[in-house]
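Student: Could you walk me through this one before I go back to the bench?

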Amino acid sequence: MLKNIEDLRKIREENQGLLFLRKNPNITSEKKEILVCGGTGCHSSQSKEIMEAFNVEIEKMNLTGKASCHITGCFGFCEKGPIVKVYPDDVFYTEVKISDVGEILKTHILGGQKVDRLLYLDPKSNERIDTQHHMDFYRKQVRIALRNCGLLDPEKIEEYIANDGYMALAELLLTKQPIDIINTMKESGLRGRGGGGFPTGSKWGMALRSVSDQKYMICNADEGDPGAFMDRSILEGDPHSIIEAMAIGGYAIGATKGVVYIRAEYPLAIKRLKIAIDQARKYNLLGKNIMNSGFDFDIDIKYGAGAFVCGEETALIQSIEGHRGEPVSKPPYPSESGLFGKPTVVNNVETLANIPIIFQKGAAWFSSIGSEHSKGTKVFALAGKINNVGLVEVPMGITLREIIYEIGGGIKGGHAFKSVQTGGPSGGCITESNLDTPIDYESLSKIGSMMGSGGMIVMDEENCMVNIAKFYLDFTVEESCGKCTACRIGTKRLLEILNRIVEGKGEEDDLDKLTKLSETIKDTALCGLGQTAPNPILSTIKYFQEEYKAHIIDKRCPSGVCKDLLRYEIGDACIGCTKCARACPVDAISGKVREKHFIDQAKCIKCGSCYTACPVKPVKAVLIV
Amino acid sequence: MCNFSQNPNVIELDNFIEEINAKETDLIAVLHRAQNLFGYISEEVLSHISKKIGVPKASIYGVVSFYSYFTTEPRGKNVINVCMGTACFVRGSEKILREFESQLRIKSGETTIDKNFTIDSLRCVGACGLAPVVMVNDKVYGRAETSDVARIISECEV
């Protein structure tokens with residue numbers, strides 16, 4: 001129970017020991033600390049079991065005084081997970097398996113030698129790299145929102161406090177007025193990280209000006225972009241930052257109640273958030289009269305139930321109230337009339353994660369990072385056909401080329417880069433010619449995409465852009481709430497045209513139809529989901545018109561993806577082994593042993609079994625044309 | 001009906017409703033609990049919730065059908081979810097979904113007649129580094145290929 005800021009300082013000092021090894025890299029120490037990544041990717045590759053195995057072995061080998069092991073948040077380098085880090089030696093082990101635990105303890109902890117084979121192998125120099133800071137993946141990253149992920153144990157509030165956590169809240173509550181806080185937020189230049197990029201300080205200012213007996217501070221953790229997982233990682237790796245930021249926001253706008261609206265599909269994030277809220281309550285960092293400041297604030301968790309549209313703030317509010325998550329028209333804005341008709345601020349997880357440190361280090365520090373109109377950093381979930389899949393946090397203004405080729409290590413399997421998609425179902429595809437665009441809210445919109453929540457999917461020449469547009473439209477059609485006609489019927493019509501094109505039934509005026517209908521939907525849909533739904537189509541038509549034409553006019557899919565536009569044929573290389581004929585499920589292949597075989601196109605269902613079965617090397621006798 | 005109200009799951013649901021003093025605004029929380037307990041929201045359960053918290057059945061049905069997390073059909077013993085998030089999609093998860101469909105002879109969203117398997121897709125589990133990802137119940141299979149499908153099915157308990 002903390003009564004004042006002195007109590008908080010005392011807890012901070014008392015727990016410095018917890019972080020000593022982590023904060024003083026490369027000092028000589030008898031004792032080592034082993035941190036295992038507990039992010040979703042690593043968790044899926046048994047990182048929890050690895051942590052347990054460490055603790056069992058540490059006991060068995062009588063190393064309790066020499067080593068300890070626990071979970072931390074996402075390191076971001078998911079491609080090479082599970083990640084294990086040893087402090088204070090600052091050694092970064094990749095792709096660790098349960099069977100490696102004994103060797104790490106014997107060789108590293110007891111023997112003082114690094115386990116070479118588990119160190120990251122740099123693909124360029126072919127050398128092993130032992131520390132994070134020397135890897136291309138980390139060199140250009142600036143970790144602000146992710147600052148505590150990979151450093152702290154998310155289930156221990158003491159570690160967060162030892163790392164200056166809750167100090168910003170305490171100082172603001174005791175020494176600042178709400179308007180000062182809002183001014184600092186405005187000076188920092190922080191803009192919403194959920195997609196729109198609205199200035200956070202202005203949002204708070206509007207809510208402060210609204211007069212009401214009750215106001216609400218909502219954290220939007222309904223991360224719906226299929227391919228973005230930064231909010232989840234922050235909640236799993238650093239839940240206290242979110243709690244602290246919500247309390248600061250609550251104080252600034254005059255709200256005593258906070259709600260975290262989180263996807264039910266994120267069980268681990270929910271668990272860690274619950275633990276963190278309970279701990280904060282115990283210390284009186286949440287609840288009545290926080291640290292004797294006279295300010296009350298508490299947080300409730302509400303679960304989403306799988307509806308992408310609930311990421312839109314008015315739909316989210318409907319859902320918290322127990323209704324179908326359908327958006328309502330603005331104005332009035334939530335800052336005037338939101339949850340239960342009261343003034344409400346809705347902030348995204350990543351936005352909130354930036355806030356405590358802005359108050360620790362100052363608005364000037366924050367606004368010195370980034371570009372002219374977009375300050376600070378952005379976290380991207382870098383995925384797709386790229387060598388280094390993972391979560392990366394970069395300063396605004398960095399170019400896509402730097403992210404893809406330096407941090408991301410280039411395209412997987414030596415293939416050629418084709419396009420990068422940002423902004424998820426609301427965004428667009430960007431081509432080689434725009435790779436040198438500095439990333440910020442405005443520049444991405446200018447080239448037909450958007451920042452969005454931070455999904456960044458890289459595609460190579462094996463990806464068909466018409467099929468990608470269809471994939472996103474499939475998604476928006478499924479997720480359209482059905483309230484407004486433009487979105488409900490319009491997106492469905494767009495999808496029907498795309499389906500026709502990939503089935504080889506495209507007509508010459510389809511491109512025209514797609515473009516016109518897209519523009520109409522953009523102008524008339526009720527909410528952001530509908531207004532941005534045509535973006536994947538418009539941007540692919542703009543940059544990949546030839547590919548659309550190949551589908552529509554030549555009835556051909558240049559990437560060999562669209563099944564209905566493919567044809568299997570057997571070439572002269574056929575050795576007559578009969579394997580393809582035996583593999584064919586519909587008996588479409590005929591031919592005698594040791595003679596060239598033949599596919600009856602009328603019977604063929606294009607399943608590809610013959611192609612898989614063909615043993616001829618290096619080029620298969622079964623051809624896809 | 002008297003059997004229904006003595007069902008331990010129903011008792012647990014009732015306790016939950018009383019514990020949080022559930023009102024209309026708690027409908028989604030109540031539905032989450034109900035689906036956890038019963039595996040799906042049957043009409044019987046829906047009527048029961050309607051009586052308990054005083055929200056018309058039609059409104060509850062409107063909410064249940066709106067959110068993809070809720071289901072009104074019983075699911076199979078093993079729920080196979082193929083991730084169709086963008087990262088998995090561009091690395092070929094669609095092919096894997098088709099392979100499950102062809103081996104189990106059901107479509108995505110359906111359950112086998114013996115109630116052993118349900119196939120479904122979901123959007124991003126956040127393990128994009130392991131794409132394409134298949135989730136069977138709570139177990140994650142990463143970097144899946146079509147040739148793994150038979151093995152994944154055989155590892156399921158039936």
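Tutor: Let us begin with a term: a residue is called buried here if 20 or more other C-beta atoms lie within 10 Å of its own. Keep in mind too that this is a predicted model. With that cut-off, buried residues make up 39% of the 158 residues in chain B.

Student: OK, and what does chain B contain in terms of helices and strands?

Tutor: Chain B has 8 helices and 4 strands, and along the sequence they follow the pattern α-α-α-α-α-β-α-α-β-β-β-α. Its C-alpha atoms fill a box of roughly 50 × 30 × 25 Å along the principal axes.

Student: Which domains is chain B divided into?

Tutor: Chain B is split into domain 1, covering 2-66, and domain 2, covering 78-154, and the centres of these two domains of chain B, taken over C-alpha atoms, are separated by 30 Å.

Student: How are the strands in chain B ordered?

Tutor: The 4 strands of chain B form an open sheet in the order 2-1-3-4, with mixed pairing. Strand 2 (117-122) and strand 4 (139-141) of chain B are the edge strands, each pairing on one side only, and neighbouring strands of this sheet are turned by 20° against each other on average, direction ignored.

Student: And strands 1 and 3 of chain B, do they run parallel or antiparallel?

Tutor: Strand 1 (residues 78-83) and strand 3 (residues 134-136) of chain B run antiparallel and are joined by 3 bridges; Ile80(B) stands opposite Val136(B) in strand 3 of chain B.

Student: Which strands does helix 7 of chain B lie across?

Tutor: Helix 7 (residues 93-104) of chain B lies across strand 1, strand 2 and strand 3 of chain B, and runs at about 150° to strand 1 of chain B.

Student: Switching topic, how many residues of chain A are in contact with chain B?

Tutor: On the chain A side there are 33 residues in contact with 31 residues of chain B. The elements of chain A that give two or more residues to that side are helix 3 (40-44), strand 11 (377-384) and strand 15 (455-460), and the residues of that side divide into 13 nonpolar, 15 polar and 5 charged.

Student: Last one: at what angle do helix 11 and helix 13 of chain A cross?

Tutor: The axes of helix 11 (residues 230-237) and helix 13 (residues 267-282) of chain A cross at roughly 35° and come within 8 Å, in a left-handed crossing. Residues making the contact include Leu235(A) of helix 11 and Leu268(A) of helix 13 of chain A, and by class the contact has 4 nonpolar, no polar and 3 charged residues.

Conventions
Residues numbered from 1 in each chain as written. Chains lettered and ligands numbered in written order. Predicted model: local features only at pLDDT ≥ 70, side-chain atom pairs only at ≥ 80, totals over all residues. Domains from an automatic or database assignment. Contact = placed C-beta atoms within 7 Å. Nonpolar A, V, L, I, M, F, W, Y, C, P; charged D, E, K, R; others polar. Buried ≥ 20, exposed ≤ 12 C-beta atoms within 10 Å, placed from the backbone. Axes fitted to C-alpha atoms, helices over the stretch in contact; angles between N-to-C directions. Left-handed = near helix turned anticlockwise from the far one by under 90°. Pairing = 2+ DSSP bridges.
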